[in-house]
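Let's take a walk through a protein chain together, starting with its overall layout and ending with individual residues. Have the viewer open and follow along.

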Amino acid sequence: MGAPHTSVPRWPTTDPGIDESGRAYAVMAFGGDAAGVAAGWCERIRALARPLWVRRCDRADDDALAALAGRLRVVTVGWRLLLAGPEIDVLRAHAVALDGGALDAELRILVTDDRRRRVRCAHCTATTEADVRPDEQLRCAGCARTLVVHAHVSRVHAAYLGSAG
């Protein structure tokens, strides 16, 4: 029997480099661990003499995601987005990028940490953040049910699925 089905992304954990065919770039780095790789990306893009938008943030909070959404409204063909940071933040930025019309082929992603997750309750739709892995349990912040975290990630909600076990 084959491996169980999963929709959990397999993010790179080493620098995927930049797509040098890009005509313009946006780089978002979340947390201190992403700073070095983002600086390397920016250095390479500047050497290519291409337009560059950079945003360094502690977290993918509402302000950071609004800035990304605003950037997506003005991008043109050939634009590339590079995201680096913890999975919990990269996944949220990835969802905003897709919602804004970006294609997976336009994105490069590096995950620096995958311990913390957003888990969306299948019962009340609340989202709970916790250091938890698939097949582990947590208490829903919305309805207080004990949820099993599934190996299923919603690209729209930027969260793992949790349901009462």
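What follows goes from the overall fold to salt bridges, surface charge and a few backbone details.

Please keep in mind that this is a predicted model. Which secondary structure elements make up the chain? The protein chain has 3 helices and 9 strands, and in sequence order they run β-α-β-α-β-α-β-β-β-β-β-β. If you trace the chain from its start, you therefore meet strands and helices in alternation, and then a run of strands after the last helix.

Next, the overall dimensions. The C-alpha trace extends about 55 × 35 × 30 Å along its principal axes. How does the radius of gyration of the chain agree with that of a compact globule, and what are the values? For 165 residues, a compact globule would come out near 15 Å, and the protein chain has 17 Å, which agrees. As for the interior, 42% of the 165 residues count as buried.

A good place to begin with single residues is W11, in the segment before β1 (24-30). Is W11 buried or exposed? Its relative accessible area is 16%, and because the limit for buried is under 20%, W11 counts as buried. W11 also has a partner that is far away in sequence: I109 is 98 residues apart from W11, while their C-alpha atoms are 6.7 Å apart in space.

Now for the charged side chains. How many salt bridges does the structure hold? There are 10 salt bridges in the structure. In one of them, the side chains of E20 and R44 meet with an N to O distance of 2.9 Å. E20 belongs to the segment before β1 and R44 to helix α1 (residues 35-47), so this pair ties together parts that are 24 residues apart in sequence. On the question of accessibility, E20 is partly exposed at 40%, and R44 is also partly exposed, at 35%.

Another salt bridge joins D104 and R155, whose closest N and O atoms are 3.1 Å apart. This pair links distant parts of the chain, 51 residues apart: D104 sits in the loop between α3 (87-99) and β4 (107-111), and R155 in the loop between β8 (146-154) and β9 (159-164). D104 is partly exposed, with a relative accessible area of 41%, and R155 counts as partly exposed at 41% as well. While you have R155 in view, look for I88 too. I88 is placed in helix α3 and is buried, with a relative accessible area of 7%. I88 and R155 are 67 residues apart in sequence, with 12 Å between their C-alpha atoms.

A third salt bridge to look up is the one between D131 and R116, with 3.2 Å between the closest N and O atoms. Here the link runs between two strands: D131 is in β6 (residues 127-131) and R116 in β5 (residues 116-121), 15 residues apart. D131 counts as exposed, at 56% relative accessibility, whereas R116 is partly exposed at 35%. Which residues are linked in a network of salt bridges with these two? R59, D89, R116, E129 and D131 are linked in such a network.

Charge also shows up on the surface in another form. D58, D61, D62 and D63 form a negative surface patch. D58 is found in the loop between β2 (52-57) and α2 (62-72). With a relative accessible area of 70%, D58 is exposed, because the cut-off for exposed is over 50%.

To finish, here are two backbone details that you may like to check on a Ramachandran plot. T125 has a phi near 70°, a positive value in a residue other than glycine. T125 is placed in the loop between β5 and β6 and is partly exposed, with a relative accessible area of 44%. A158 also has a positive phi without being glycine, with a value near 55°. The place of A158 is the loop between β8 and β9. Where T125 is partly exposed, A158 is buried, with a relative accessible area of 4%.

Key. Residues are numbered from 1 along each chain as its sequence is written. This is a predicted model: local features need pLDDT of at least 70, side-chain atom pairs count only at pLDDT 80 or more; totals for chains, interfaces and linings use all residues. Side-chain values use heavy atoms; hydrogens and water are left out. Patches are made of residues with over 30% relative accessible area and no salt bridge: like charges are joined within 9 Å, nonpolar side chains (Val, Leu, Ile, Met, Phe, Trp, Tyr) within 5 Å. Accessible areas come from the Shrake-Rupley method with a 1.4 Å probe; for residues, only the protein chains shown count as cover. A salt bridge is a side-chain nitrogen of Lys or Arg within 4 Å of a carboxyl oxygen of Asp or Glu. Lys and Arg count as positive and Asp and Glu as negative; His and the chain ends are not counted. The place of a charge is taken as NZ of Lys, CZ of Arg, CG of Asp or CD of Glu. Helices (H or I, at least four residues) and strands (E, at least two) are DSSP runs, numbered from the N terminus. Buried means under 20% relative accessible area, exposed over 50%, partly exposed in between (1.4 Å probe, protein chains only). The radius of gyration is taken over C-alpha atoms; the globule rule is 2.2 Å times the number of residues to the power 0.38.
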